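Me: Please take a close look at one part of this structure, the aromatic rings. Then tell me what surrounds them.

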Amino acid sequence: MASSLNDMVSAIAPTIPVALIQPEALAEIATVAQHLPLTLGTTVGFECPLSTPGKADFFLRVSGAWGQSLLAGQPQMPPVLEQFSLSSDLLPLEFPHLWQNAPWQSIRQFAQQWAEPASHLHQAVEDVWLEFDIARDDNPTPLPSVFFGVKPEGLPSLDWVSQIALPTLLGQPLQPQTEETLQRCLSAIPTTAELFQVGLLSG
């Protein structure tokens, strides 16, 4: 039997106050979570906008060799403890359908580079966060915003952000003006500060 992140959402749903997330919103989140393997994310969460009580967005953190491999389409053996409790080798039927969509193909290409030990992304990226804007996305295929964490001591230069990471996620090079602006922002980071997360919004 396949396990999806919807199993986790269903398990914690009874503990969530209705005033925070309404059942209808949880049902919408479930339609997204059922696409994703349970072992893809080590952390899941809900983002509740103050302007629309009862609504929520959904996000998860992908990290480690197992999460990397699933996102890259190169599944490895799951962690030992999970082999005893999950049917981790059986992916949700909805999961393979994601890769027919161009944004998901770019995410897979990013993950494939991230999983390659000799690549810049493997050396520099700590984790990947997928955030789904539930109320604002009526696409039958859920399309996430993608954020990636930067290892504090990964690479001496941040050029890989604009030259490799973002073009891979976009499926095309950055526009020259965009790259120039981004480089100015990265160059302005003080030596006492660190780049934490870089995001690409699905919109």
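Reply: **Aromatic pairs and the sheet**

The structure holds eight aromatic pairs. Rings of Phe, Tyr and Trp (its six-membered ring) count as a pair if their centres lie within 6.5 Å; planes under 30 degrees apart are stacked, those over 60 edge-to-face, and the rest tilted. This is a predicted model, where local features need pLDDT of at least 70 and side-chain atom pairs count only at pLDDT 80 or more, while totals for chains, interfaces and linings use all residues. Residues are numbered from 1 along each chain as its sequence is written, and side-chain values use heavy atoms, with hydrogens and water left out.

Start with phenylalanine 46 and phenylalanine 58. Their pair is tilted, with 6.0 Å centre to centre and 45 degrees between the planes. This pair links distant parts of the chain: phenylalanine 46 is in strand 1, phenylalanine 58 in strand 2, twelve residues apart. Helices (H or I, at least four residues) and strands (E, at least two) are DSSP runs, numbered from the N terminus. Phenylalanine 46 is partly exposed because its relative accessible area is 22%. Phenylalanine 58 is at 0%, so this residue counts as buried. Buried means under 20% relative accessible area, exposed over 50%, and partly exposed in between (1.4 Å probe, protein chains only).

Now take tryptophan 99 and tryptophan 104. Both are buried. Their pair is edge-to-face, at 5.4 Å centre to centre and 85 degrees between the planes. Arginine 108 joins in: its charged end sits over the ring of tryptophan 99, 3.7 Å from the centre. For that, NZ of Lys or CZ of Arg must be within 6 Å of the ring centre and within 35 degrees of the ring normal. Ring pairs tie Phe46, Phe58, Phe95, Trp99, Trp104 and Phe132 into a cluster.

Next, the sheet. It is open, with five strands in the order 1-2-3-4-5 and antiparallel pairing. Strand 1 (43–47) and strand 5 (197–200) are the edges, each pairing on one side only. Two strands pair if DSSP finds at least two bridges between them. Strand 3 (residues 125–132) and strand 4 (residues 145–150) are joined by six bridges. Aspartate 127 has glycine 149 in strand 4 as its bridge partner.

Two helices meet these strands. Helix 2 (residues 23–33) lies across strand 1, strand 2 (57–62) and strand 3, at about 35 degrees to strand 2. Helix 7 (residues 159–170) packs on the sheet and touches strand 3, strand 4 and strand 5; its direction makes about 150 degrees with that of strand 4. Contact means heavy atoms within 4.5 Å. Axes are lines fitted to C-alpha atoms, for helices over the stretch in contact, and angles run from 0 to 180 degrees between N-to-C directions.
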